[in-house]
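Reader: Hi! I'm in my first year and still learning to look inside a protein. Could you give me a close look at the topic of cavities here, please?

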Amino acid sequence: MANANSIRKVAILGAGVMGQGIAAHLSNAGVPSVLFDVVPRDLPEGASRSKLAIDGIAKAKKLRPAAFYKKDMARLITPANYEDDGKLLAGCDLIIEAVLESIKIKNIVFDWVEKNRRLGTIVTTNTSGLSLEAMGAEMSEEMRQHFLVMHFFNPVRYMRLLELVLHPQTLPEVGEAVATFGREKLGKGVVFGKDTPNFVANRVGTFGMVSVFHHMATFGLSIEAVDAVFGPAMGRPKSAVFRTADLVGNDTLAHVLETVHAGCPDDEMRDRFVVPEWLKTMVADGALGNKTRKGFYQKTKDEKGKRLILARNLETGEYAPIDKPRFPSLGKARGKEGAAAKARAVINGDDAASKFAWAVTADTLIYSANRIPEIADDIVNIDRSMQWGFAWDLGPFQSWDALGVAATVARMKKDGLTVPAWVDAMLAGGRENFYQRDDQGRMTYWDALDGSVKLVPQPATWLILKDKKAQNKVVAYNPSAELYDLGDGVLGLSFRSKMNALDDGIIGMYIQALDELDAGKWDALVVGNQGGNAFSAGANIMMVAMNAMQENWDELSEMIETLQNTLMRAKYSTRPVVTAPWGLTLGGGAELTMHSAHTQAAGELYMGLVEVGVGLIPAGGGCKEMLTRYLGDIPEGTNYDPNAFVQAAFKNIALATVATSAEEARAIGYLRPSDRLTLDPDQLIHDAKMAALGLVKAGYKPPHRRRFKLPGVSGRAAIELFLYQMLEGGYATAHDVTVGKKLAYVMTGGDVPSNTWFDEGEILQLEREAFLSLCGEQKTIDRIQHMLMKGKPLRN
């Protein structure tokens, strides 16, 4: 019987862009795979018959953004070809077809699969919109029972959406096994769609795009003006509309539009999907987007060699420097917090951007409502598909709620638009929103099919802090942090400052949490948060700058010492503290993460000790912790030279090395070998809680405090030579060398003989002294001020 745990090895059929991405992400999840492709007709002499698969793996290792968490994870992929390696298919538990979008070609591949697969093996297709029933027509009944769509979005590692579409004969347990595998192993957001052209996300997303095409001329907007409107101001990604099209490929966009127009004769907006003449011209001219370096935008250089971005005039086909459009409504939106408030600011304005945004939004909301039950059975699947597949902050029905359902319906009718009957029925029944919480704090949605209220479905492995808050599980809060009752005796600490930067409020709440742990009120503590893009982007640098400029050295010293003491207290707490970092985890955020009994990290983790960028060094225990990670686990009695270990740790800090995944963070030493990964962001705090409870159940005892020997003066001399070489080569400034020498002093133990033994407290003191010394440097203050004003380090 099919279940997610039985999927241990996967076959990917087709080593093109999607096949490469799927294989790479399976490797990220620790799942071995076999990547198949054809034997090339013009195979060079002496080359492997699996050359296309081998080349596909090589290309995947070069992709930017990176497809692998670490390049060496490609070792989990076995290259193969259809002619020689059919026997390898029988050893796979899941087969994912990712060949050319042609039913004829896919059916040839499925015939090969039928001859080589093991009975009961799940077979899926990564088609982006072809008919599942047509593909399954020539299969045996047993294979159809194990057949479904498994549509990944590109780039596979970064796009969370996974659309599943079941064949009428697909066994329910097969669909559930793939859904569970996708969620829990691959970290995907699973949406169930119907066997209709382009499924869910592409159907709604492309309609939004053609609605833009339809209305932009009416309001006289250029492509850069459109992208200014339907970018972050409307809760959409920075790539907006036309940059997204260039990313996807304009030939692909044209094909998707043709698929809907041909395959949806009853679509009330079918005429909108006719490919515009200007898009046909672009495709014919090879203006396909990023892959041809020219599309709606073109990157070039001016006569002085300066980077220049040009935008295409859709009427003339000519390119000109982009014009930065300015609309009052967009300016007003920039001053608002949150996607809902920003969208309201735009929609409720009275300039051209507002009128255009309303026209497109009204069309898209109505179109989405009319797609139930054609493409999906409920609003939840449609909203999640747009959030996870198109990176919208709010799905169509969440957006409708944010704008006010009753008010927007009245406005739509005033404009002569036809609102779906089920929406009118919901309002007439007294329900004002598509989503709202019940009296127990649970999120409910309006079911369009039977006109009832239902709970929003979510996996048992999700732990959502907003739900806890709605259920009155917040036990303490201040403007910067909150404490949650996560259940089962586990306390949760969450940050809420800007970029979750560490400040007095967060540290004060952390101290309160540790006090409650010590008092026996809780069994364990989980430190984690949700929303935005940062676990913690570091310490509050403004607070450091103000104290330094006012020469409040005692206050600054006390602030650093409090941070150090708090993090050391967490690390050696008698009850386990588990950190759950994700996204940006920089500077103080990285230091906080490292001081724990265990770290449960998100796969997408961007972690590093980056203080040198503002002319400082880590002083919350980062230097000490890196020495501990590199030297603290060497068995006692081992005769070792610490220089190589110290130099490696020094370089990571001195070069502000940022890991671009949790596995890279582990390789650098920011994470321990025993720390674990979670790929589903909504499951991260749940997994951290489970890890904490596991430690409690095992009778957790804190580790012994570490000691390690350092190279002293002689070791520092070698590092300083490296710094001067960097200066001479133009890779470092004079102030970089000043900072580097202070860091070297800390990392080598100061003015001591070689092989002097240190405990953690002694390194913390060196950190603190070096940090305060650098705060007194004018160039450091200049860097901090520049960072605060410009958002990036000053090179001086």
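Author: Happy to! A cavity is a set of grid points where a 1.4 Å probe fits but cannot get out, and its volume is the space filled by probe spheres set on those points. Rolling a probe the size of a water molecule over the atoms shows where empty space is left. Keep in mind that this model is predicted.

With a cut-off of 30 Å³ or more, the count is 3 cavities. Let's begin with the largest cavity, which holds about 130 Å³ of space. Its lining is made of 14 residues, and those nearest its centre are Met234, Arg236, Ala343, Leu394 and Ser399. Three helices each give two or more residues to this lining: α14 (339-347), α15 (352-370) and α17 (396-403). Of these, α17 provides the largest share, with 4 residues. If you sort the lining by class, you get 9 nonpolar, 4 polar and 1 charged residues.

Now turn to the second largest cavity, where the space comes to about 40 Å³. You can find its walls by picking out Glu101, Ser128, Gly129, Leu130, Asn198, His255, Val256 and Thr259. Here the classes divide into 2 nonpolar, 5 polar and 1 charged. The charged one is Glu101, while Leu130 and Val256 are the nonpolar pair. Gly129 belongs with the polar residues of this lining, because Gly is counted as polar in this scheme.

Notes. Residues are numbered from 1 along each chain as its sequence is written. This is a predicted model: local features need pLDDT of at least 70, side-chain atom pairs count only at pLDDT 80 or more; totals for chains, interfaces and linings use all residues. Side-chain values use heavy atoms; hydrogens and water are left out. On a 1 Å grid over the protein atoms alone, a cavity is a set of points where a 1.4 Å probe fits but cannot get out, and a pocket is an open set with protein on both sides within 12 Å along at least five of seven lines; lining residues have an atom within 4 Å of a point.
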